[in-house]
Amino acid sequence: MKRNAGLALVLFATWLPLSQRSPLQAAQPRSFNFENDISPLLNRFGCNASSCHGKAEGQNGFKLSVFGYDPAADHKALTMESRGRRVFPAAPEQSLLLQKMSGAMPHGGGTRILPGTAEYEIVRDWIAAGAPFGQTSDPKVKEIEVNPTERVLSMKARQPLRVTAIYSDDRRADVTHLAQFQSNNEVVARVDEEGLISVADVPGQAAIMARYLSSVAVSQILVPRAETLGPFPTLPEFNFIDRLVDQKLKKLNIRPSELSEDAEFLRRVYLDIIGTLPTPTEARRFLMNPRVDRRARLVNELLERPEYADYWALKWADVLRVDRQVLGHKDAYAYYRWIRERIASNTPFDKMVRELITAEGPIDETPPANFYKLFSKPGEMASTLSQVFLGVRIACAECHHHPFDRWSQSDYYGMQAFFQPVSRKKGPVGEMLLVTGQPEARNPRTGEMIRPHPLGGVTPPTDTNADLRRSLAAWFTAAENPWFARNLANRLVAHFLGRGLVEPVDDLRATNPPSNPELLDALARHAVEAQFDVKSLIRTIAASRTYQLASHPNETNEPDEQNYSRALFKRQPAEVLLDAVCQTTGTGEKFPGVPAGYRAIQVWDSDVSHYFLKLFGRPVRKTACECERNAEASIAQVLHLLNSPQVHAKLTHEQGSVARLTGLNPDNGKLTEELYLTFYSRFPTAKERRSAEKYLTESGSDRRHAAEDLAWSMLNSIEFVFNH
Amino acid sequence: MKQIYRYCDGIDRRDFLRIGAVGLLGIELSLPALLERQARAAGASGPKRDVSVIWVFLKGGMSTIDTFDLKPDAPSDIRGEFKSIPTRIPGLHVSEHLPKVAGQMDKFSLVRSFGHRNADHGPADHYMLTGYHPIAGFNPNLKPNNQYPSFGSVIGHKLGSRSSVPPYVCLPILHASAGSAFLGPSAVPFVIEADPSAPSFSVPDLAPPMALDASRLAARRELLASVDRYQRAAEVRANSTARSVSVFGQRAFDLMTSPEAKKAFDIAEEPEKLRDEYGRHTLGQSCLMGRRLVEAGVRCVMIDHSNWDTHFDNFTIMKTQLLPKFDAAISTLFRDLADRGLLESTLVIISGEFGRTPRINKDAGRDHWSKCFTLAIGGGGIQGGRVVGTSDAWAQEPAENPYGPEDLAATLYHLLRIDPKGELRTPEGRPIALSNDGRIIRELV
C-alpha cells in the first residue's frame, strides 16, 4: 500500500528532530546515524523482512539482518559488499540501493520508495554524506512508548496510535510512521499499518503491539458493550475466580450466564477431568443425588480415577513429545509411563519438572532422560523447555532478536549454554545421558562465547564440575519465576474454560498480555501456595461458578468468547471422541499393536495407525506446540460420523448398546430415556421424550432400526460432538 | 495393475493403493475463512478465465530422454533404444512409443531445460510439489511431510471452493508432499483414496451404508434435525467452533446430495468408448476423473501415478507398461479437454520429481537425474506446441534458459491469477513468499 505522501511529509517534520536537523536545512551537511536514520526505513519498507532480504540466505545476493537487529552487518552489506555499487556517494542517485528501491532498475521487490518523498531524500542525503555508520557515542533508541497505553473504546470506534522513541540521551521523537503494528485479537480490534485502530462490534479486549527497531510496546484496548444495563446482578462468588471474572465483566458491561444444570455440569466435568463420558448408571446416580455438595464430591471422585492419569498423561505426552519414531518403542513407553506415574501420584508439578530438567545417568533407569534424546541440538532442549513449562517462545532468538519480545540472541544462547554439556553415550549398561564439559554456547553470528543465564536472569555461580541444569531447574520452578506458575495456571484455564487467559497458551510475552491479568496473577499465586498440587488447582477451577456456568448465552454475552461469561463449547480431542463413540455404542476398538481392551486415551503411541484418530486431529508430536493437536473441523469428519461403515457397524452391532437397550426396554418411553442417558448423559425433556417415543412407535415392525436411527442422530449432533 | 518392480528404496508403493480402501482426508475452510472468501469473491473482478489445475505426477521420475527429449545423435549408452517420431508440430519430435501424444502436441509445450538440485525421492517430491526445497529436519516418511504447503493447498487457501465440491482433491492416494503444512486443516486435500479404474470405485464415506434405503435416510435426516437441539440455537451462534461444525454438517449433506459431486464421482456415467480411450487403468481413469472433477468445480486435482522409478529394465518396462498407458491417458486428456472447451481454463502439468540419468546403467535401467529433465505443460493459458529451453547434447544439463520448481510455482500462480509475489503467513505470523523468487516462464504464456 502506498502511503499518502502528504502525510509522510507532515510526519517527517515531527520525526526529523532526532537527527537534529530540520528539512529546511537539508542542504547543509548533517550528521547521520545508520541505525537511527536508515534502519527504520529498511524496516518500514519491508526490505529486511524475513520473506525478502531478511531471509537467512538473503535475496539475490543481498542480505540484511531480519528486522534490522544487526545494524553493523547491514551497514557493511550496503557499503562494502557488491563492490561498493550499492551506495555511491559521488552520485548518490546512481546507487544500486536507490535505483532498486525506487524502481529505476528492475527490482524483484517492486518500487518501495518514490523519488521526491522525504524517505527517498533521507537515503540520498545519507549516501551523499558518505553513507556513514555514525559514532558509537550517538544516542540509541532505549525504548518506545505507544499512546494511548490503555483506552476504553466504544464499538466501531477508531483510535490512532502514536509511537514515541526515547533515546539514550532522553530525547524523544515521534516514529509512528516508521513503526509496525499488530493486534493480538482481531475479533475485537484491528490495526492498520498507519497505527489506526478500528474496533469491531464484539466486546472484549485487544492488545495492539507497536514495534520500532528492536523495541516493542503495547496499547491495551477495552471495548465494552454499548447499551447500559441496570446494576450488575448480585451473584454468588464460589471462589476468587468468580470475583475477578465478574470484575472484568462489569467493565465490559456483560452479564454472565446462569449456573449450569446438573446434567450439563456432569457431562462437562467428566470430559474435562477424565476425558470419558459418564455411563448411564453414573449419570443417573449423580442426577438423583440430593446432596448439596454433590458437584465437589464428584470432582474429587473423578480426580482419583485411573482415567484421570490416562487422560492427563496423554495431554502431557503430546507436548513432552512421546515420539516412538524418534525414541524407539521401549524408551518411548518408559518415558510415557514416567509421565503417567507422576500424574497418577499427583507429584507436585514443580518436582516433576525438576526431575525432567535434571535427568541424567543410564537412560534405562531414568525415563525422563528420554526427553533429551528427542533433540540433536542443545538449543532445542532449551527452547522446548521454555515453551512447555514457561509458555515463552525463544526459538526466534536463535537467529535474530525476537521480533515481538525482549529476547535477544544472547538470551537464547544463554539458555542453550545450560544444555551444551548434555550428551549421550552407549555404555556397557546401555545408553547414558552425560553432562560433561563447559556450559558455554557460541553465538554463531558474533562468535562470542556466552555463559549460561536464564531468561532475564544472571549467570549462576559456577563450580566447573557442577551440572548447571540444577540451578536452571530451581530457577524455572521458583515461586518468584514470573512465568512458571502462570504457564501452569493458563494451560489449566485453557483446558477447563475453553480458552487461555493468554492465547496461544504457549506464547506468554509482554506484547501478548493476558485478557484478565488479575485473574492470571491470582491463579499463579494460588498455584504457588498450593505447592503446585495440580489436583488442588483443578479442584479450585472446577469449584468456581465461572466453570459451572451454563453454555446457554444471554443477550449480553453472546458475542463474548474471551471473558468467561458463559461456558464455551470445546472440541473433544480425537481420542476422547472415539472413546465416546465406542462407549455409547457399547463396542470396542482394536488399535494395531496395542493389546485389546485399551481405550484410545490409553494409547500412548501417537503413531498407531488409526483413521478416525488421524481424521479428528491427533497430533504427531513433532513439536512441543499445543497447536499440533488439531481442533479444526472438516467435511470429512462429518461424513465419517454420518456414513462410515465403521460407525454404522458400531450402531448396529448385535452385542452393542442399541441392540441391548432395545431388547431390555420394551417400553418406548423407557428406551428413549436410556438412549438419552447413554449418549447425552441426561434425561430427555418432555418434548424430546414425546417425539422420540413417536418415532419408535411409528416404526412399526422394525423397532430396532428406529432405535438405531435415534442413536445415529444423537451421535451426529452438535450436543454429542462437543464438550459444552 | 501389475507391477513387478519396486522403488529403489525397497518400498512397494502398491501397498498404499488399496482399491476401495477407506480413507478420506477432508478439505474445507474454517468458517471465518469461508466468509472472507465469499466476501472477496463477491467483490472480485478482473480477467474472466478461472483456471483449474490437473497435475499428473509421475512418481519415481519419468525418463524424459526416452519420451520428450530424445538424443538420437548421442552414443547408444545414452540415447537408448527408442527412436523418435515427428509430431503435429513441425520439427518437434517425441518418442516412438508416444504416437497418440504426438498427435496432440499442439495442445501443450515442453520445457526441456527444467531441473533442480535434489535427486532423492522424498525431498525432490517436496520441491516439485511446493516450489520449496525442504530444509533441515525434513522427514520424507511423514505423510504428509510438507514443510511448505503444496500448490493445491495454496490454491485452496487462496481461492476457496467454487461449488459444493472441495477445491483440492488428490487421487488415487494422498501424495506425501501434497499436504498443507502451516496453512492447516482448512487447506488439506480431499483425498479420494480409491482407484477409479476399479469396478467397485466409490468415494469413501460419501454415500450412506448400503443397508439404509432412501426412505430411512430421509427419516434419519429429519430426525437429526429435530434431535440436534443446539443446531439452530443460541449455543451454535455463540460458539465459533460449533458454528464451523454446523456449516460443515450442512456442506457434508450438500456434498452427499450435490448433483455436481454425485455426477463428478460417478465415473460410470462416461461413455464406454471414451473410458476405453483414456485407458482402463489407474492412470487413464484417474485422468478422466480429473477432468470430471474440474468440470464439477474442483480447482486443483493431484493425480499420483506410480511407478516410474526404472532403475532396472527401463526400456522394457517403459515400452510395455508405462508408455502405452501414458500415451492413451495423456493424449485423451488433452483432446477431451479441448473438445469440451475446457483446455483454455485447465492447466495440465505432467512431471515426476525428477528425470533419469542419461547414461544407461548395467541393469539396462536409468537412475535418478534431477539436473535436467522435461516438464510437459499445457492448457490454462499456456501456448501449445512450443519447446522452451534446450538441454545439452546428452541431456545432462540445461543448455539454455534453465528453469526450476520455483519458476513452475510462479508460472502456475500467475496463470491462476494469484500474485506470485504475494505472501502466506504462518500461524506465528511469519511471512512466507508464495514463490521462492520464481520467474514466470514467459515463453509459455
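Me: In which strand of chain A is the place of A:A206?
Reply: This is a predicted model in which local features need a pLDDT (the predictor's confidence in each residue, from 0 to 100) of at least 70 and side-chain atom pairs count only at pLDDT 80 or more, while totals for chains, interfaces and linings use all residues. Residues are numbered from 1 along each chain as its sequence is written, while chains are lettered from A and ligands numbered from 1 in the order in which they are written. Strands are DSSP runs of E with at least two residues, and helices are runs of H or I with at least four, both numbered from the N terminus. The place of A:A206 is within residues 204–212, in strand β9 of chain A.

Me: Is A:A206 buried or exposed?
Reply: With C-beta atoms placed from the backbone, 20 or more others within 10 Å make a residue buried, 12 or fewer make it exposed, and anything in between is partly exposed. A:A206 has 26 other C-beta atoms within 10 Å, so it is buried.

Me: How far apart in space, C-alpha to C-alpha, are A:A206 and A:P514?
Reply: Leaving out residues up to four places away in sequence, A:A206 touches A:S183, A:N184, A:N185, A:V188, A:A189 and A:I221 (contact is C-beta atoms, placed from the backbone, within 7 Å). A:P514 is a long way along the chain, 308 residues from A:A206 in sequence, yet their C-alpha separation is 9.5 Å.

Me: Which helix of chain B gives the most residues to the largest nonpolar core?
Reply: A nonpolar core joins buried Ala, Val, Leu, Ile, Met, Phe, Trp, Tyr and Cys residues through C-beta atoms within 7 Å. Here the largest one has 267 residues, and A:A711, B:V56, B:V301 and B:V348 touch the most other members. The helix that gives the most, with 11 residues, spans residues 314–339 of chain B: α12.

Me: Which domains of chain A does this core lie between?
Reply: An automatic or database assignment sets the domain bounds. Both 346–360 + 367–458 and 574–723 of chain A give residues to the core, so it lies between domain 3 and domain 4.

Me: How many residues of α11(B) are buried?
Reply: Helix α11 (residues 282–296) of chain B has 15 residues, so at 1.5 Å a residue (times one less than the number of residues) it should span 21 Å; the end C-alpha atoms are 20 Å apart, which agrees. Just after α11(B), B:G297 takes a positive phi of about 115°. The helix is largely enclosed by the rest of the structure, because the buried count among its 15 residues is 14.

Me: Which element gives the largest share of the side of chain A that touches chain B?
Reply: The contact takes 44 residues from chain A and 52 from chain B. On the chain A side, α23, α24, α27, α28 and α29 give two or more residues. The largest share, eight residues, comes from α23(A).

Me: How many charged residues does the side of chain A that touches chain B have?
Reply: Asp, Glu, Lys and Arg count as charged; Ala, Val, Leu, Ile, Met, Phe, Trp, Tyr, Cys and Pro as nonpolar; and the others, Gly among them, as polar. That side has 20 nonpolar and 18 polar residues, and its charged residues number six.

Me: Over which residues of chain A does pLDDT stay under 50?
Reply: Chain A averages a pLDDT of 90, and 95% of the residues score at least 70. The stretch under 50, with 33 contacts in the model beyond four places in sequence, is residues 1–27.

Key:
Contact = placed C-beta atoms within 7 Å.
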